[in-house]
Amino acid sequence: MTIRKLGIFIIGGAVVLVTLIITGISYYQATHFNRSVSINGTNVGGMTAETALKKLQALVLKNKVYIGNTLVLNEKDTKTGFSSSDLSEIRGLLKKQWTWWPSAAEKSYVLVPSKVDQYRRKILKNKVAAEIAMLDKKLKAPKDAQALLSNGRILVSKSVNGDQLDPVELLKDYSRQEFNSEIHLKAVRLKPLAENSQTVENEKKKLQELMQRKVNYKVQSTTYTLAASQFIKNAAVSKNMKYSVDPSDIASKITAINRSQSTLNKNFLFKTHSGSVISVHGQSYGWALDVQAETKRIRNAFERGEQSISAYNVYGVGYSTYGIGYHTTANHGIGNTYAEVSIKDQRIWIYQNGKLKVTTNVVTGRHNTHEDTPKGLWYIMYKQSPSTLVGSEVGSPHYSVKVSYWAPFTLSGCGFHDAYWRKNWAPDAYINQGSGGCVNTPPKVMKQVYDTLTQNEPVVIY
């Protein structure tokens with residue numbers, strides 16, 4: 001054999017040998033996992049799909065859960081749930097991780113068994129969530145940076161780190177390890193919102209927008225323009241970008257409006273039938289703002305961006321809890337429909353829209369026994385026909401009398417009614433023979449009086 005032929009033979013042999021080696025390695029790689037490959041936390045390096053399946057089937061789920069280095073749950077062992085029907089999935093992972101040449105790169109795969117372990121998926125996961133929540137109760141919560149309106153200035157508070165665990169991240173980690181023999185969760189802590197975060201920037205913009213707002217607040221015919229820059233000194237923005245406004249200055253303003261404009265328990269100027277102007281004290285008649293409720297409405301208006309609202313929560317006293325007279329501004333708040341009672345003249349005048357409809361002599365409360373008809377500004381509580389009056393007065397501690405018409409104006413039982421039993425209608429009868437406080441009206445004119453009076457109509461007694 002010549003040297004040339006010998007060289008060709010050696011080279012050919014080497015090529016064949018290399019080809020056999022490459023073919024062998026390629027076959028091995030195609031049928032075996034690389035050495036640093038794991039399925040559900042179990043190393044299957046160097047194994048075939050069949051061998052890996054057997055290892056996974058034989059595996060016992062210890063159901064031990066660690067957070068960091070701390071064992072937080074140690075539950076009863078369960079099985080993985082792998083079966084022969086999972087072989088095709090494992091072969092799929094084998095093909096997925098395949099490389100031409102053996103690789104030491106770590107690769108971790110999660111494979112859901114055909115017979116899913118519901119204990120791991122539901123019960124244990126819920127226990128882990130409860131354990132995290134219980135641990136967090138004992139740990140310091142982080143404090144987010146936040147844009148705040150403080151004393152009229154927009155500031156940003158600093159963030160403060162805490163010790164609490166991040167339940168969202170830990171449960172995500174749990175899901176990745178759901179079918180591992182043991183579950184080792186990384187102790188991820190909740191991170192506070194940073195001062196330079198976009199969320200804080202958005203909060204600042206929201207507060208700047210708030211400070212430009214104005215609310216026109218109408219009380220009767222008067223409108224007050226309330227600027228946020230003047231009446232909101234402290235505010236914040238929640239995580240869902242909702243305002244939280246301190247209403248203290250708003251409440252002070254509504255209190256001042258109420259003090260100057262409300263009529264409840266105040267004196268009213270009144271022009272009598274004779275033309276003289278007197279002052280009568282508001283008794284049941286009058287209204288006032290519910291400062292707390294109205295403050296809340298105005299605060300909400302600022303927060304929602306409403307530009308105009310009218311007073312709504314108005315209250316009064318007596319038979320009606322709504323403020324009687326709120327919708328009346330004429331005639332110093334009494335209006336032009338009212339009943340006028342003069343104790344001195346022992347006479348009444350009833351007006352509708354400024355026109356006298358009926359006038360008659362009456363007998364008011366008995367003076368010598370201090371049962372005088374109470375002076376002041378009242379209102380007709382209701383009307384009833386017929387009616388039975390029950391009460392007491394000097395000389396008759398327990399009376400019950402039927403009348404044809406009854407229009408009370410005090411909760412104590414004073415009102416207009418007919419008095420068929422009365423014989424003395426003289427101008428001075430009230431002094432010694434007056435009523436128990438009511439306005440006795442002659443039967444012949446009482447129907448007209450009754451028909452002219454309306455519920456909530458002012459009653460001026462002087």
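This report describes selected features of a predicted model, from its nonpolar cores to single residues in loops.

## Nonpolar cores

The largest nonpolar core contains 31 residues. Y217, V219, I232, L289, I298 and F302 have the most contacts inside it. Setting aside residues up to four places away in sequence, I232 touches L149, L210, M211, V245, I250 and F302. F302 is thus named twice: among the residues with the most contacts in the core, and among those touched by I232.

Another core lies apart from the largest one and has 25 residues, including A339, V341, V439 and Y450. In general, nonpolar side chains in soluble globular proteins tend to be buried together.

## Cysteines

Zero disulfides are found in a search of the whole structure. The pair C414 and C438 illustrates this: the sulfur of C414 has its closest cysteine sulfur in C438, at 5.3 Å, which is too far for a bond. The relation holds from the other side as well, since the cysteine sulfur closest to that of C438 belongs to C414. A disulfide would require the two sulfur atoms to be within 2.5 Å.

Both residues of this pair are classed as buried. C414 has a relative accessible area of 9%, and C438 has a relative accessibility of 8%.

## The sheet β2-β1-β7 and its surroundings

Three strands form an open sheet in the order β2-β1-β7, and the pairing is mixed. The edges are β2 (42-43) and β7 (107-109); each has a single partner strand, so one side of each lacks a neighbour in the sheet. Strands of a sheet pair through backbone hydrogen bonds, in either a parallel or an antiparallel way. Strand β1, residues 37-39, runs antiparallel to β2 and is joined to it by two bridges. One of the residues involved is S38, whose bridge partner in β2 is N43. Helix α3, residues 87-97, lies across β1 and β7 and runs at about 155 degrees to β7.

The loop between β1 and β2 holds N40. N40 is buried, at 2% relative accessibility. A polar atom of the N40 side chain lies 2.8 Å from the backbone nitrogen of L111. Neighbours within four places in sequence aside, N40 contacts F82, Y109, V110, L111, F179, N180 and S181. L111 therefore appears both in the polar contact and in the contact list of N40, a contact being heavy atoms within 4.5 Å.

## Strand β23 and its partner

Strand β23, residues 376-379, is covered on both faces. G376 and W378 are buried on one side, and L377 and Y379 are buried on the other. This arrangement can be set beside the general pattern that side chains in a regular strand alternate between the two faces of the sheet.

The strand β29, residues 458-461, runs antiparallel to β23 and is joined to it by four bridges. Y379 has P458 as its bridge partner in β29.

## D144

D144 sits in the loop between α4 (118-137) and β8 (146-150). D144 is partly exposed, with 23% relative accessibility. The D144 side chain reaches the backbone nitrogen of L193 at 2.8 Å. Apart from neighbours within four places in sequence, D144 is in contact with S157, K158, S159, K191, P192, L193 and K239.

D144 and G323 are 179 residues apart along the chain, and their C-alpha atoms are separated by 47 Å.

## Backbone exceptions

Most residues other than glycine have a negative phi, and most peptide bonds are trans. The peptide bond from S385 to P386 is cis, with omega near -10 degrees. P386 is placed in the loop between β23 and β24 (387-393).

Two asparagines have a positive phi. For N353 the value is near 50 degrees; this residue is in the loop between β21 (347-352) and β22 (355-361). N353 is exposed, with a relative accessible area of 67%. For N456 phi is near 75 degrees, and this residue lies in the loop between α11 (443-452) and β29. N456 counts as partly exposed, at 31% relative accessibility.

Definitions and conventions
Residues are numbered from 1 along each chain as its sequence is written. This is a predicted model: local features need pLDDT of at least 70, side-chain atom pairs count only at pLDDT 80 or more; totals for chains, interfaces and linings use all residues. Side-chain values use heavy atoms; hydrogens and water are left out. A nonpolar core is a set of buried Ala, Val, Leu, Ile, Met, Phe, Trp, Tyr and Cys residues joined through side-chain atoms within 4.5 Å. Buried means under 20% relative accessible area, exposed over 50%, partly exposed in between (1.4 Å probe, protein chains only). Two strands pair if DSSP finds at least two bridges between them. Axes are lines fitted to C-alpha atoms, for helices over the stretch in contact, and angles run from 0 to 180 degrees between N-to-C directions. A polar contact is a pair of N or O atoms within 3.5 Å; within protein, one must be able to donate a hydrogen and the other to accept it, and residues adjacent in sequence count only if both atoms are side-chain atoms.
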